[in-house]
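Work through the exercises below with the sequence and the coordinates open. Each task is followed by a solution in steps.

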Amino acid sequence: MKKILTLIVAATSFSVQASPLSPQVFSEAFKDYHACFILYSVNEQKIVSEYNPNNYCNERIAPNSTFKVPLSLMAFNEGLINQDTVFKWNGQTYDLPDWNQDQTPSRWIKYSVLWVSQQISPQLGLARIKHYLAGFNYGNQDFTGDPGMNNGLTYAWLSSSLKISAMEQLQFLKAMLSNELPVSKEAIANTKENMYLDKLEHGAKYYGKTGSGRNGRNERLEDPSKLRDGWFVGFVENGTQQYIFVSNLTDKKPLPVPGNAPLLPYGSQILKPITMKLLNDYFDK
């Protein structure tokens, strides 16, 4: 009997919030940013923790590299890639060393390799991508790219025409985890596998994808916005318990950066450690 009770406690304890996240915790963490944080219990089908000042969770910004999640689903579903696919590096040297070699679907997601995305999206083509965006109900579904530049297939998601809110990211991830998107279960399983990152301090697995860009006008235009956008979205799993997290931020004030110099650190480099602390605090047992 004691063994049975122990198993019951182990199976259910993860759903109990031991460390509530107070408004003060959120305000301090995001004091320099317009920001959103959502933690959603899949099992309870409700938001269990939220930071949403001025309804910022419904503000659409570019998905940037979080778009690799829906793009992965499209590519796996169409059979353009499988887990053994190798994307050949063309020898171009990038600032990020992890990009300067052949890639796999797992490395593509893990190291957020842009040139792989820019190979996959033209293979899918605009018509198929728009069809999937509609099926995913993904943000504004605008894949035109920069005005007058005809570059949607390679840049639409990068501080450009495609926009999505945190609440819409939540709905997309809910549909993905419940196999309600118009793609195969295999496409979802492969994408989830490649999103795996690590374990929280208490041992639960977490999966996710970051994204960084510039708010509004993009980095390819002269005198770009000096406001950073950052995303970190994903889910936490421990046994049968599952949670989705969605977080983003945008600078409140422009940075004093000359010309087209990079806005460092990137938005996701600021946001990810904030989000990790919030998750570890919430699930602290």
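The exercises that follow use a predicted model.

**Exercise 1. A helix and its surroundings**

Task: Decide how far helix α3 is enclosed, and find which elements cover its buried residues.

Solution:
- Step 1. Helix α3 spans residues 68-77. Its buried residues are Lys 68, Val 69, Pro 70, Leu 71, Ser 72, Leu 73, Met 74, Ala 75 and Phe 76.
- Step 2. Nine of the ten residues are therefore buried, and the helix is largely enclosed by the rest of the structure.
- Step 3. The cover includes five helices and a strand by label: α4 (105-110), α5 (114-124), α6 (126-136), α8 (166-177), α9 (185-194) and β4 (205-214).
- Step 4. Just after α3, the backbone at Gly 79 has a positive phi of about 75°.

**Exercise 2. From one methionine to the core**

Task: List the contacts of Met 74 beyond its sequence neighbours, then place this residue in the largest nonpolar core.

Solution:
- Step 1. Set aside residues within four places in sequence; Met 74 then contacts Phe 67, Leu 124, Ile 129, Tyr 132, Leu 133 and Phe 136.
- Step 2. The largest nonpolar core has 54 residues, and Met 74 is among the members that touch the most others, together with Phe 67, Phe 136, Met 176 and Val 246.
- Step 3. Helix α8 contributes the most to this core, namely eight residues.
- Step 4. Another core, of 25 residues, lies apart from the largest one; Phe 26, Phe 37, Val 48 and Leu 271 are among its members.
- Step 5. As background, nonpolar side chains tend to be buried together in soluble globular proteins.

**Exercise 3. Aromatic pairs**

Task: Classify the ring pairs Phe 26 with Tyr 51 and Tyr 94 with Trp 99.

Solution:
- Step 1. The whole structure holds 17 aromatic pairs.
- Step 2. For Phe 26 and Tyr 51, the centres are 5.3 Å apart and the planes make an angle of 20°. Planes under 30 degrees apart count as stacked, and this pair is stacked.
- Step 3. Phe 26 belongs to helix α2 (residues 23-29) and Tyr 51 to strand β2 (residues 46-51), so the pair ties together parts 25 residues apart in sequence. Both Phe 26 and Tyr 51 are buried.
- Step 4. For Tyr 94 and Trp 99, the centres are 5.5 Å apart with 65° between the planes, which is an edge-to-face pair. Trp 99 has a relative accessibility of 13% and therefore counts as buried.
- Step 5. One aromatic cluster is formed by Phe 67, Tyr 132, Phe 136, Tyr 138, Phe 143, Trp 157 and Phe 172.

**Exercise 4. A buried arginine**

Task: Work out what surrounds Arg 107, and which side chain of opposite charge is nearest.

Solution:
- Step 1. Arg 107 sits in helix α4 and is buried.
- Step 2. The nearest oppositely charged side chain is that of Asp 98, at 4.2 Å. A salt bridge needs a nitrogen and a carboxyl oxygen within 4 Å, and Arg 107 has none.
- Step 3. The side chain of Arg 107 does make a polar contact of 3.4 Å with that of Gln 101.
- Step 4. Leaving out residues up to four places away in sequence, Arg 107 touches Asp 98, Gln 101, Asp 102, Ser 112 and Val 113.

**Exercise 5. Salt bridges and exposure**

Task: For three of the eight salt bridges in the structure, give the closest N and O distance and the exposure of the partners where available.

Solution:
- Step 1. Glu 28 pairs with Lys 31, the closest N and O atoms being 3.3 Å apart. Lys 31 is partly exposed, at 47% relative accessibility.
- Step 2. Lys 46 pairs with Glu 44 at 3.6 Å between the closest N and O atoms. Lys 46, at 43%, is partly exposed, and Glu 44, at 37%, is partly exposed as well.
- Step 3. Arg 128 pairs with Glu 78, with 2.7 Å between the closest N and O atoms. Arg 128 is in helix α6 and Glu 78 is in the loop between α3 and α4, so this bridge ties together parts 50 residues apart in sequence.
- Step 4. Arg 128 is partly exposed at 31%, and Glu 78 is partly exposed at 32%.

Notes. Residues are numbered from 1 along each chain as its sequence is written. This is a predicted model: local features need pLDDT of at least 70, side-chain atom pairs count only at pLDDT 80 or more; totals for chains, interfaces and linings use all residues. Side-chain values use heavy atoms; hydrogens and water are left out. Buried means under 20% relative accessible area, exposed over 50%, partly exposed in between (1.4 Å probe, protein chains only). Helices (H or I, at least four residues) and strands (E, at least two) are DSSP runs, numbered from the N terminus. Contact means heavy atoms within 4.5 Å. Lys and Arg count as positive and Asp and Glu as negative; His and the chain ends are not counted. A polar contact is a pair of N or O atoms within 3.5 Å; within protein, one must be able to donate a hydrogen and the other to accept it, and residues adjacent in sequence count only if both atoms are side-chain atoms. Rings of Phe, Tyr and Trp (its six-membered ring) pair if their centres lie within 6.5 Å; planes under 30 degrees apart count as stacked, over 60 as edge-to-face and the rest as tilted. A nonpolar core is a set of buried Ala, Val, Leu, Ile, Met, Phe, Trp, Tyr and Cys residues joined through side-chain atoms within 4.5 Å.
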